[in-house]
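Trainee: Could you take a close look at one helix with me? I would like to see how it sits among its neighbours, and then what lies around it.

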Amino acid sequence: MSLFGEHAGGWLAIGAVGALVDRERRGEWLTAAAGVAAAHAASIAVKRVVRRRRPSDPEVQVLVGTPSKLSFPSSHATSTTAAAVLYGGLTGKKLTPALVPPMMVSRLVLGVHYPSDVVAGSALGGAVAWGVRRFMRRRRNRG
């Protein structure tokens, strides 16, 4: 899960596949993937402002590499939530309960985030996804 979510790469790949396979809604898939990218970018921007260091306890074994030493918010939780909401809307599946909690827990188990990091990341991803879905609905209704 950690590698899949790194830099939102796995989620962006799914958006690209959706755009290739579902030609009728290619624009929606590309917009959703752009929303995932925007959510990831937003998490990086917040990280650089907040500058909270990752957990550092000698008794906690960190089980994965990280691209930076900054932890708040969790970019994995942000992009996963955005992808679950946006792609779930396109597929008609409730992806959020199946995808978001496991990703959030994995970041804690791996020792790279505090609980507030993953909760804030998920909230940020949900907020970006809400904005993108609203944009997509407006566009669909105009057209």
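Mentor: We start with one helix, then move on to the loops, the largest pocket and a few distances. Keep in mind that this is a predicted model.

Our helix is α5. It runs over residues 96–109, so count 14 residues. From its first C-alpha to its last, α5 reaches 20 Å. That is close to the 20 Å expected at 1.5 Å a residue.

Now turn to its sides. Which residues of α5 are buried? They are Val100, Met103, Met104, Ser106 and Arg107. Buried here means a relative accessible area under 20%. Now look down the axis. These residues cover an arc of only 160°, which means they are on the same side of α5. A general rule helps here. An α-helix has 3.6 residues a turn, so residues three or four places apart point the same way. In α5, Val100 and Met103 are both on the buried list, and so are Met104 and Arg107.

What does this buried side meet? The buried residues of α5 pack against α1 (2–5), α4 (75–91) and α6 (115–142). Now rotate the model to the other face. The face of α5 turned away from its buried side carries Pro97 and Val109, both exposed.

Follow the chain past the helix. After α5 comes Gly111. Its phi is positive, near 80°. As a general point, most residues other than glycine have a negative phi, and most peptide bonds are trans. Keep both halves of that rule in mind for the loops.

Begin with the loop between α1 and α2, which holds His7. His7 is not a glycine, yet its phi is positive, about 55°. His7 is partly exposed, with a relative accessible area of 49%.

Next, go to the loop between α3 and α4, where Arg51 lies. Arg51 also has a positive phi, near 60°, and is a residue other than glycine. Arg51 is exposed, at 52% relative accessible area. Pro73 is in the loop between α3 and α4 too. A cis peptide bond joins Phe72 and Pro73, with omega about -5°.

Which helices each supply at least two residues of the lining of the largest pocket? They are α3 (26–50) and α4. You have met α4 already, as one of the helices that the buried residues of α5 pack against. The volume of the largest pocket is about 230 Å³. Of its 16 lining residues, Ile44, Lys47, Pro67, Ser68 and Ser75 are the closest to its centre. The largest share of the lining, four residues, comes from α3. Sorted by class, the lining has three nonpolar, eight polar and five charged residues.

Finish with two distances. Arg25 lies in the loop between α2 and α3. It is partly exposed, at 27% relative accessible area. Arg25 and Gly5 are 20 residues apart along the chain, and their C-alpha atoms are separated by 24 Å. Ala13, in helix α2, is partly exposed as well, at 41%. Ala13 and Gly121 are 108 residues apart along the chain. Their C-alpha atoms are separated by 20 Å.

Now go back to α5 and turn the model once more. Find the side with Val100 and Met104, then the face with Pro97 and Val109.

Conventions
Residues numbered from 1 in each chain as written. Predicted model: local features only at pLDDT ≥ 70, side-chain atom pairs only at ≥ 80, totals over all residues. Heavy atoms only, no water. Expected span 1.5 Å × (residues − 1). Buried < 20%, exposed > 50% of the residue type's maximum accessible area, 1.4 Å probe, protein only. Arc of directions from axis to C-beta. Contact = heavy atoms within 4.5 Å. 1 Å grid on protein atoms, 1.4 Å probe; cavity = no way out; pocket = protein on both sides within 12 Å on 5 of 7 lines; lining within 4 Å. Points joined across faces, edges and corners; volume = space filled by probe spheres on them. Nonpolar A, V, L, I, M, F, W, Y, C, P; charged D, E, K, R; others polar.
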